[in-house]
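Please open the structure in the viewer with the backbone drawn as a cartoon and side chains available on selection. The tour proceeds by selection, one stop after another.

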Amino acid sequence: MAQPLAAEREPPRDRSRNILAAAATGVAEFIAETGGRPEAVFERVGIDADCLGQTRHALDLADYVAMMEDAAQETGNDNFGLWFGQAYRPQMLGLIGEIALAAPTLGSAIEHLALWFPWHQQATETRLTRRDGFLRLEYRILDGSIVDRRQDAELTMGMFANVFRACLPAGWAPDMVLFEHARPTAWRDHEAAFDAETGWSQSTNALVFRDRGLDRAMPQADLSRLQRLTTDLAGVAGSCGTPAFLDLVRGEIRRRLAAGALHLEEVAEALSTTPWTLQRRLAEFGATFSDLVEATRLDLARHYLRQAHLPLGDVAFLLGYSEASAFSRAFARWAGCSPRQWRQQSRQAPRS
C-alpha cells in the first residue's frame with residue numbers, strides 16, 4: 001500500500017473549493033490559437049475574464065474545470081487540456097509554481113508541490129508516494145460533484161511534468177502517466193506528449209517516475225524566497241478547503257467504482273471514520289450509502305455515454321458492473337430509456 005512521503009500538515013478546513021486564478025494564465029490566448037472564441041467560453045461558463053491569471057484572485061473550482069471542458073468543445077480539440085498543459089511553465093502558475101522553482105532541489109520542489117498544491121487549489125488531494133519501487137506524484141479533485149474533469153487532469157499532469165523539465169536535462173520523461181478518466185480517442189497523443197506509457201481509468205491521476213536526479217539543484221533555488229512564498233500562499237488562500245460532506249463521499253465512491261465490489265467500510269476508512277459514523281452522518285442529510293452509489297453511477301454514466309468511442313460494455317465496467325445487461329437495466333430505471341437511446345439523444349441535443 002502506498003505511503004505518503006511528504007510531511008503531513010493538517011490545514012484549517014472549510015467548504016470552499018476555489019482555485020487561484022493564476023492557474024488560468026494564458027488560457028484565453030490558447031483558446032484563440034486553437035481556433036476558438038475565448039469570450040464565448042467565458043460567457044457560457046460565467047467566468048470573469050479580467051480575473052484570469054491574477055495571482056491573488058480566485059475562481060470557483062467547478063467553473064475553472066468547466067471552462068477547460070467547454071474550451072475543448074469550442075475549439076474542437078479533444079486534447080485541449082493535454083496540449084495546454086504541455087505548454088504551461090511553472091512560473092505561469094503563480095505562487096505554487098514559484099514555490100516549486102525556489103526549492104533547493106528537485107526532490108524538495110516535488111515535495112513542496114505535493115504539500116502546498118491544495119492551498120493553490122482547494123478540494124484537492126496531492127500526494128508524493130512510493131509504490132513498487134517507483135515514486136508517484138498523485139493528483140485528484142476530491143469533490144465528487146465535479147464529474148467532467150478530464151481536461152483539467154491532463155493539463156495538471158503536464159504542469160507537474162514541466163517542474164521536472166525545468167530542472168532535468170532535455171529529454172526527461174516519466175516512466176508512466178496515470179489518468180482517472182477513460183481512454184480518449186486520440187490517446188496516442190498523450191504517449192507522445194509525455195514520451196511515456198499511459199494508464200487509464202485509474203483511482204487517481206499521477207506521474208510515475210524513478211528516484212533519480214531528485215538531489216539536482218533547482219536553477220532558481222532561493223531558500224529565503226521559498227519561505228516568503230509559502231507564507232504568502234497560506235495568507236492568500238486561507239485554507240486548502242474541503243468539499244461538502246456528501247460530495248466528499250461521492251468522490252471516494254467514484255474512485256473505487258471500476259474496481260468492482262464497493263464496500264461502505266472502505267469508503268469510511270478513506271474518510272478516517274467508522275462505518276457506523278458514516279451511515280449516521282449520511283442519515284443526517286437524508287441519504288444512504290446506496291443512494292450515493294446510485295447517484296454517482298448515474299452522473300458518471302451520462303458522462304461516459306457522451307464519449308461516443310466508449311463501447312457500452314466498457315461503460316458498464318467503469319461503473320462497476322460485471323455485465324452490460326445489468327448496467328442497461330439500472331440505467332433504464334434511472335433515465336427511463338436505454339443507454340443506447342440516451343447516447344443517441346445526447347448527440348442530437350443542440351449546444352448552447
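Select alanine 123 to begin: this residue is in the loop between helix H6 (106–120) and E4, where helices (H or I, at least four residues) and strands (E, at least two) are DSSP runs, numbered from the N terminus. The model is predicted, so local features need pLDDT of at least 70 and side-chain atom pairs count only at pLDDT 80 or more, whereas totals for chains, interfaces and linings use all residues. Residues are numbered from 1 along each chain as its sequence is written, and side-chain values use heavy atoms, with hydrogens and water left out.

Alanine 123 has a phi near 55 degrees, a positive value in a residue other than glycine. Most residues other than glycine have a negative phi. Alanine 123 is buried, with a relative accessible area of 0%; buried means under 20% relative accessible area, exposed over 50%, and partly exposed in between (1.4 Å probe, protein chains only).

**The hairpin of E4 and E5**

Next, select strand E4 (residues 124–131) together with E5, which pair in the antiparallel sense over eight bridges. Two strands are taken to pair if DSSP finds at least two bridges between them. Within this pairing, glutamate 125 stands opposite arginine 140 in E5, and arginine 130 has leucine 135 of E5 as its bridge partner.

Is aspartate 132, in the loop between these strands, buried or exposed? Aspartate 132 is exposed, with a relative accessible area of 72%. The hairpin has two residues between its strands, and aspartate 132 takes a positive phi near 55 degrees there.

Colour strand E5 (residues 134–141) by accessibility: the strand is mostly covered, with seven of its eight residues buried.

**Across to E8**

Add strand E8 (residues 205–209), which pairs with E5 in the antiparallel sense over five bridges. Leucine 135 stands opposite phenylalanine 209 in E8, and tyrosine 139 has asparagine 205 as its bridge partner in E8.

Show the side chains of E8. Asn205, Leu207 and Phe209 point one way, Ala206 and Val208 point the other way, and all are buried. In a regular strand the side chains alternate between the two faces of the sheet. Five of the five residues of E8 are buried, so the strand is largely enclosed by the rest of the structure.

E8 is also joined to E6 by three bridges, and these two strands run antiparallel. Valine 177 stands opposite leucine 207 in E8.

From here, select alanine 182, in the loop between strand E6 (176–178) and helix H8 (188–194). Alanine 182 counts as buried at 4% relative accessibility. Add serine 201: its C-alpha atom and that of alanine 182 are separated by 4.9 Å, although the two residues are 19 apart along the chain.

**Aromatic rings**

Now display Phe, Tyr and Trp. Their rings (for Trp, the six-membered ring) pair if the centres lie within 6.5 Å; planes under 30 degrees apart count as stacked, over 60 as edge-to-face and the rest as tilted. By this rule the count comes to 17 aromatic pairs. The ring centres of phenylalanine 80 and phenylalanine 84 are 6.0 Å apart and the planes stand at 35 degrees, so the pair is tilted. Both residues lie in helix H4 (residues 80–86), four residues apart, about one turn of the helix, and both phenylalanine 80 and phenylalanine 84 are buried.

Tyr321, Phe327, Phe331, Trp334 and Trp342 form one aromatic cluster. Add arginine 297, whose charged end sits over the ring of tyrosine 321, 4.2 Å from its centre. A charge sits over a ring if NZ of Lys or CZ of Arg is within 6 Å of the ring centre and within 35 degrees of the ring normal. Another example is arginine 281, whose charged end sits over the ring of phenylalanine 245, 3.9 Å from its centre.

**The second largest pocket**

For the last stop, select Glu69, Gln73, Asp148, His303 and Arg306, which lie nearest the centre of the second largest pocket among its 30 lining residues. On a 1 Å grid over the protein atoms alone, a pocket is an open set of points where a 1.4 Å probe fits, with protein on both sides within 12 Å along at least five of seven lines; lining residues have an atom within 4 Å of a point. Which element gives the largest share of the lining? The largest share, seven residues, comes from H3.
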